Amino acid sequence: MSSRKLLSETRRTFPATKVHCQQPLRILIVDVTSPSWANTCSVLSEALENTLCLAHSLTGPCRVPLLSLYVVQNQQECLLPFTQVKENFARVQACISELRSLPREGCFLQGGNGVVQAVQDGLQQFKQYSRHTTAGSSANSSVEITILTSQSSQEMAKQLEKKLKDVDLVSLRSIQVIEVLKRDFLQPEDVEQHMPAEEPDSNDIAILGMDIDVQTVEDNVISLEMLFKSWLHDYSTEREHLHLLLPSGGFSHATAPKTTLMCLKCDLQERLLDPALLSGTADGTMRAADVSSPCQMAAWPATVLHKLRVVKALKSEGVCESVLYGLPFIIKPTSCWQLDWDELETNQHTFHALCHSLLKRKWMLLARREPQTTGPNWNTVVHSYYIIVPSDSATLLVKAIAVRELLLPSTFPALLPEHPERVQGPVESALNSLEVEVAYNPLHLKSNLYKYLKSTLYKPLHRQQAQPRDQRPERHQPKQHQSRAKATVAPLLMAPSPAQAFRPAAARRDSCERSLLPKEYEEFLQ
């Protein structure tokens, strides 16, 4: 555990940024040397496209600021040098189309050297990017690498451990090696058990003061989509997000000072994406007057430290759901790197003890959000209140609860003890015809949101092409190298690229070299 801590301390040698977003740059390496690539290709492309269209459409700082994509065949190839997802979705989509068009026969020789070279090339590309950005203007001081392979993830991690001994990994936040498993008869209810964003089947292998995260994921759209959606979480660990304040239990009520409090340091995590952030009118900000909004307490990314003071305990059966509102957020013990390791461990144990005790007592907690600051303009402080709900996991759920000023009068007439048979019978018959689910699984429902977002994102591209519809190339057709995605920084090739049947190596190098010219951005969209 100490090795992970030392890596974090080393990472913070980068200059502090003035931008709030601390998301890492991301490099995705796809190993296509397996015979099962024919099955993985379509589901991987769809899952990646779904996630990136969400990242592009969300207002506020981009949650996936820059992305680079490599494929490993007989050797590595960079399909997408570092590209800003928010402003260049057309280029990202062109790269995904090219990924779909790769040969699916599994004719490439398996081996880990191509993956290792892709990792080295990606790290070199990140160094180039860092040199080309103005000091202090970039909010990203680290990079995360995700490797998708159908080979043994444990063996792949061992090869990386051996081959990367002499490589500078200071800027590397983490490496994920994801083994994609084929399940021919996977049912929707089984998918949730393998979602890496929830309960990953992972192991850590130490390498040069850091850990390689080894996971397995099912070979289907939902599982891969949840893997990529984990990129949308707030990855800033500069400080904790929330202080949960409880009365100190170390004194009797008679002797305890009123100011003595137990402080649990926590992080907040979104359970859902706010649909308002996807609308055309939302700007991702909150007005100063919206002091009772739960979104303000956990706006993404977390920019202020929030404090919730627990004022009462409530019986779980005594809370009516009609007075709860807003999006729920998950509370976890903090992983802030600036805290002492012993303090982190003590804080985590205390948090787990609180979860256990609330479950045993069947209690919820009522908490008041403390004001951030007080000043001459704050004549009256408006308090907002939240309910904190335990679960059978080491997390708590927090949701805003109504107060007197917001409550509207309502009448709840009593049920009649008896009903005429002429109306009771049809109602019972209608209910009996419904399919009954033991539990609600949101993965079973789709709203066509992805289709809607993609249709809005593709419209500008179609207008700029100015071609007759019947002359436009199909999305699944191989792209010519002139339309390949380009970035401001070209990756360095670690080894000469042999000619490939479906695209010459010279064209690939020429495409990356020309990407240094800013005008290429405009040429791509013409």
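Two strands are taken as paired if DSSP finds at least two bridges between them. With that in hand, the strand pairing around S9 in this predicted model can be laid out. Strand S9 covers residues 261-270 and runs antiparallel to strand S8 (residues 242-247), with six bridges joining the two. One spot to look for on screen is His 243, which sits opposite Lys 265 of S9. S9 also pairs with strand S11 (residues 324-333), again in the antiparallel sense, this time over five bridges. Here Leu 268 has Ile 331 of S11 as its bridge partner.

S9 turns up again among the salt bridges, of which the structure holds nine. One of them brings together the side chains of Glu 270 and Arg 63, with an N to O distance of 2.6 Å. The two partners come from distant parts of the chain, 207 residues apart: Glu 270 belongs to strand S9, while Arg 63 lies in the loop between helix H2 (37-57) and strand S2 (66-72). Buried here means under 20% relative accessible area. Glu 270 has 15% relative accessibility, so this residue counts as buried. Arg 63 comes in at 2%, and therefore counts as buried too.

A second salt bridge joins the side chains of Arg 173 and Glu 144, at 4.0 Å from N to O. This pair also links distant parts of the chain, with Arg 173 in strand S5 (residues 172-181) and Glu 144 in strand S4 (residues 143-149), 29 residues apart. Both Arg 173 and Glu 144 are buried. The pair does not stand alone, as Arg 26, Glu 144 and Arg 173 are linked in a network of salt bridges.

Then there is a local case, within a helix. The side chains of Lys 229 and Glu 225 meet in a salt bridge of 3.4 Å, N to O. Side chains of opposite charge can pair when their charged atoms come close. Lys 229 and Glu 225 are four residues apart in helix H7 (residues 221-229), so about one helical turn separates them. As for accessibility, Lys 229 counts as partly exposed because its value is 25%. Glu 225, at 10%, counts as buried.

Taken together, S9 pairs with S8 and with S11, and also carries Glu 270, the salt-bridge partner of Arg 63. Elsewhere, the Arg 173 and Glu 144 bridge connects strands S5 and S4, whereas the Lys 229 and Glu 225 bridge stays inside helix H7.

Conventions
Residues are numbered from 1 along each chain as its sequence is written. This is a predicted model: local features need pLDDT of at least 70, side-chain atom pairs count only at pLDDT 80 or more; totals for chains, interfaces and linings use all residues. Side-chain values use heavy atoms; hydrogens and water are left out. Buried means under 20% relative accessible area, exposed over 50%, partly exposed in between (1.4 Å probe, protein chains only).
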